[in-house]
Amino acid sequence: MEFTAAVKTFGRAGSTVRAVDGMDLTVGRGETVALLGRNGAGKSTAISLLLGLNDPDSGTVRLLGRAPDRAVRAGLAGAMLQDGRPIPRVTVGELIRFVAALYPRPLPVAEALALAGVTEYADRRVDKLSGGQVQRVRFAVALAGDPELVVLDEPTAALDVEARRAFWVSIRSFAERGRTVLFSTHHLEEADGNADRIVVLHRGRVVADGSGEAIKRSAGGGLVSIDLAGRSTAGLESLPGVVGVEVRGGRALLRTDDSDATVVELARIGAVRGLQVGRATLEDAFLSLTAPTAAADQVKEAA
Amino acid sequence: MFPYIALEIRRTLRDPTFLVFGTGMPLMMYLLFTNLGGSGSYDDWKAASMVGMAAYGALGSAMAIGTGIASDKSLGWLQQLRITPLDPWRAVTGRAISSSVTVLPTVLAILLAGGLVNGVRLAAWQWGALVLLLWLGALPFTLLGIGNGYRLTPQGTGVVNVACLMGFALVGGLWFPLGVFPGWLRAVGGFTPAHGFADLGWSTIAGHAPGAGSLAVLAGWLLLFGGYAVMSYRRSARTV
């Protein structure tokens, strides 16, 4: 069986917001994919389409070869939605037993609790837990049915660094069972460190798709910066290798795919002041891909 | 569906305030109305008002569940349910069945008060039939309350449910017999779900089976409110 989620065009009727605007994406079975984007880039909407919570206005979304709501009905998906909080007046164990009972082939409850790391407070009421504990319980809810696909919408948004790290250990051990994991996040290093593949969304479209390395390269692998000392950036964008120019705090940041050539040329025109040369980070790449002015379809790389 | 019913019943039983006040309010109203007004001397009215108030209490308990559902929705729980294999019809049916747990004690409390405090005398089968009919007959109202809960905010649900409850109780003749209304209102009252519901009880104390008309009216409302609840449930999971 092959898992395919080809998310396509859709524009919200009756409003000017096109949250997901002609999105094409195929995810293979067993992949761990990060969905990156700024607020309002369409991550949550894309996820709601994938899970059949909303229907696309046009285009099609398929989940494991069927319509999303049918795949969900067949118990093939589990999810941790954004801002969801578990219901009060049940214990963790009761909640997970309940969710597991809805699925045709669930994980054994003890295993689901252990995978999510909530075994020790299985007998406590969900409304008496701390924020980090609640996140883990919500993860347990997502995986209790042992679904083919687990979708996590900003799963670590409210966690501190340590809790986040522990959380990712849990998620990776679930993914290692051959399950497909799709998660959205604001934390770039989280995407880089935990996903096989990163999909960058901007204004409802996929603007980059590939490994963390590929995405860094796509934004220009090198980063050269100089003090502008009051001068304009005119001409800088046409230097050899330069693919993008930005000004931050009186310094010009040149993204370049050939740092050597760029530096040599800067020296020749006498513009070297406080020179710094480095490698572009994923954050640099992300910022340039999703800059308010960035044109859609700028980069499209195969995974 | 059964795990869902079990889960929701367990949650309800852990909320004693809800149970105590849901049962206590109509009980107090019944005792006040029948003992302060001085109308307690007519045996017919005693039994009829007992049924009317038990029906009103059942109706209130049934609809009150909507507020709980609306707050579940605000927690995102309904969306979470939507992405499990539980299909909408089962979700709504399961929730309706689990809600009836709160209806039963209300009905029992008022019938007990009628028998023990107000001295209503009925045959054993009539008591049994009353409990059963008033319990099951509350289902359409449960569905209406649930539908409102799926659709509205917790505050909104509370207000709308109270308005529905008052309207139904008054126009349906649960508080005052339909006979005192002007002709047109009496005709409307006969078609309200609350009247069909209470008629189950009134027929029982009169010693005969409920009329086909009342049953048809109630069944019609059951379908209507059931459809409304399922539709609202589907809508509730949408994010945009």
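Helices and strands are DSSP runs, of at least four residues for helices (H or I) and at least two for strands (E), numbered from the N terminus. All views below show a predicted model.

**View 1. Overall make-up of chain A in the predicted model.** Chain A contains ten helices and ten strands, and 54% of its 303 residues count as buried. Among the contacts in chain A with a separation of 6 or more, 69% are made by residues that are 24 or more positions apart. The accessible surface of this chain comes to about 12,800 Å², and carbon and sulfur atoms account for 49% of that surface. The domain assignment divides chain A into domain 1, made of residues 32-76 + 148-215, and domain 2, made of residues 220-279, and the C-alpha centres of these two domains of chain A lie 35 Å apart.

**View 2. Helix α10 of chain A, residues 282-289.** Because six of the eight residues of this helix are buried, α10 of chain A is largely enclosed by the rest of the structure. The buried residues in α10(A) are A:Leu282, A:Asp284, A:Ala285, A:Phe286, A:Ser288 and A:Leu289.

**View 3. Two loop residues of chain A with positive phi, A:Leu64 and A:Asp146.** A:Leu64 is found in the loop that runs between α1 (43-50) and α2 (68-73) of chain A, and its phi is positive, at about 50°, although the residue is not a glycine. With a relative accessible area of 4%, A:Leu64 is buried. A:Asp146 is placed in the loop between α5 (131-143) and β3 (149-153) of chain A, where its phi, again in a residue other than glycine, has a positive value near 50°. A:Asp146 also counts as buried, at 15% relative accessibility, because the limit for a buried residue is under 20%.

**View 4. The surroundings of A:Thr91, including a contact with chain B.** A:Thr91 lies in the loop between β2 (77-80) and α3 (92-102) of chain A and is buried, with a relative accessible area of 12%. When its neighbours within four places in sequence are left aside, A:Thr91 is in contact with A:Ala122, A:Asp123, A:Arg124, A:Arg125 and A:Val126 of chain A, and with B:Arg14 of chain B.

**View 5. The largest pocket and its lining in chain B.** The largest pocket holds about 390 Å³ of space and is lined by 21 residues, of which B:Gly22, B:Gly60, B:Ser61, B:Ala64 and B:Leu165 lie nearest its centre. Three helices of chain B, namely α2 (16-36), α3 (43-74) and α8 (154-171), each supply at least two residues of this lining, and the largest share, eight residues, comes from α2(B). By residue class, the lining of the largest pocket is made up of twelve nonpolar and nine polar residues, with no charged residue.

**View 6. The buried glycine B:Gly145 in helix α7 of chain B.** B:Gly145 is found in α7, which spans residues 139-151 of chain B, and is buried, with a relative accessible area of 0%. Not counting residues up to four places away in sequence, B:Gly145 touches B:Met63, B:Gly66 and B:Asn161. The C-alpha atom of B:Gly145 is separated by 19 Å from that of B:Arg82, and these two residues are 63 residues apart along the chain.

Definitions and conventions: Residues are numbered from 1 along each chain as its sequence is written. Chains are lettered from A and ligands numbered from 1 in the order in which they are written. This is a predicted model: local features need pLDDT of at least 70, side-chain atom pairs count only at pLDDT 80 or more; totals for chains, interfaces and linings use all residues. Side-chain values use heavy atoms; hydrogens and water are left out. On a 1 Å grid over the protein atoms alone, a cavity is a set of points where a 1.4 Å probe fits but cannot get out, and a pocket is an open set with protein on both sides within 12 Å along at least five of seven lines; lining residues have an atom within 4 Å of a point. Grid points are joined across faces, edges and corners, and a volume is the space filled by probe spheres set on the points. Ala, Val, Leu, Ile, Met, Phe, Trp, Tyr, Cys and Pro count as nonpolar, Asp, Glu, Lys and Arg as charged, and the others, Gly among them, as polar. Buried means under 20% relative accessible area, exposed over 50%, partly exposed in between (1.4 Å probe, protein chains only). Contact means heavy atoms within 4.5 Å. Accessible areas come from the Shrake-Rupley method with a 1.4 Å probe; for residues, only the protein chains shown count as cover. Domain bounds come from an automatic or database domain assignment.
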